[in-house]
Amino acid sequence: MRFKDVFSIIGPSMVGPSSSHTAGAVRIGLVAHQLFGAIPERAEILFYGSFAATYQGHGTDIAIVSGLLGFATDDRRIPDALAVAEESGMEVIFGHGKGLFSHPNTVKLVLETTVPEPRKLLLIGTSIGGGNIEIVDVDEFTVKISGNYPTLIILHEDKPGVIADVTSLLDSEGINIGHMSVDRKGRSGEALTVLELDSLLPGSLITALGSIDHVQRITTIDLNSV
C-alpha cells in the first residue's frame, strides 16, 4: 500500500476556504511566477470546469493572482491580492476557457511583459486536491510538474546527446532525479526537459548546465523556498 505524504493528507498552511480552489490555485500561480521570473504586466486567466463555475465564490481568482505576485499559500496579503496587483501595474483579465480540459480544476495562464523585452508565457495547471497541483503544459510543451520538489526546466534544441550530457552532469554532482519529462515541438526543433530533483542545485551547477551545447534557457522552480 502506498501512503501519501502529510502534505497530501492535511493540506498546506493557507489563507482561504479550500485547499483545491485556493491553496492549489496559489501554488499554480507561484509556479508561473517563478517560471516567468517577474510580476507580469498583463495576466490573462482562463478557468475551466469546476474552477470556471465557482472561482469567484471560492476565491480562486484572488488565489491565482496571489501566486503570480509571489505570495505563499499562508500569506496574509492574499485577500488584498487584486488591489496589490493593480498597484504593481499588473493588468488582470479573467475568463472562461473553451474546449477540452484535463481536469475539473484547470486554469490556463497567459502572462506577458515588455520589460526589459517582450516576453510571453503560457501555462496550464490543475489543482488535484489537498493543495497539490500538476502543471501539464508550458508554452505548448506537454510537461508534468508537481511543485513539490526542486525542479529544473531546460529549453534546448532537439539534438542527440543533450539530455545525456545534462543527466551525466547531475550524476557527477550526486544530484538524484525523481522524475523527468521531455517533449519536443518537432524533430530537430525545440524541446523542453523537466527534471524534478531530490535536492537544490548550486548556482555553479546551473551555470555549467547552461554551457552545454544546444541548451537555450534554464529555469528553476522551488516552491519550498517561498
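Why does phenylalanine 47 count as buried? Its relative accessibility is 0%, and buried means under 20%. Please keep in mind that this is a predicted model.

Let me stay with the rings. There are five aromatic pairs by the rule used here. In one of them, phenylalanine 47 meets phenylalanine 51 edge-to-face, with 6.0 Å centre to centre and 90 degrees between the planes. Both phenylalanine 47 and phenylalanine 51 are buried.

Phenylalanine 47 also pairs with phenylalanine 94, and that pair is stacked, at 6.2 Å centre to centre with 15 degrees between the planes. Phenylalanine 47 belongs to strand S1, residues 42–48, and phenylalanine 94 to strand S2, residues 91–96, so this pair ties together parts that are 47 residues apart in sequence. Phenylalanine 94 has a relative accessible area of 28%, so it counts as partly exposed. Taken as a group, Phe47, Phe51, Tyr55 and Phe94 are linked into a cluster by ring pairs.

One more ring, with a charged partner this time. Arginine 119 lies over the face of phenylalanine 36, 4.2 Å from the ring centre.

Now to methionine 180. This residue is in strand S8, which covers residues 177–184. Is methionine 180 buried or exposed? Neither label fits: methionine 180 is partly exposed, because its relative accessible area is 38%. Leaving aside residues up to four places away in sequence, methionine 180 touches Ile163, Thr167, Thr193, Val194 and Leu195. Lysine 144 is 36 residues from methionine 180 in sequence, and their C-alpha atoms are 8.2 Å apart in space.

That is what I have on the rings and on methionine 180.

Note on methods:
Residues are numbered from 1 along each chain as its sequence is written. This is a predicted model: local features need pLDDT of at least 70, side-chain atom pairs count only at pLDDT 80 or more; totals for chains, interfaces and linings use all residues. Side-chain values use heavy atoms; hydrogens and water are left out. Helices (H or I, at least four residues) and strands (E, at least two) are DSSP runs, numbered from the N terminus. Buried means under 20% relative accessible area, exposed over 50%, partly exposed in between (1.4 Å probe, protein chains only). Contact means heavy atoms within 4.5 Å. Rings of Phe, Tyr and Trp (its six-membered ring) pair if their centres lie within 6.5 Å; planes under 30 degrees apart count as stacked, over 60 as edge-to-face and the rest as tilted. A charge sits over a ring if NZ of Lys or CZ of Arg is within 6 Å of the ring centre and within 35 degrees of the ring normal.
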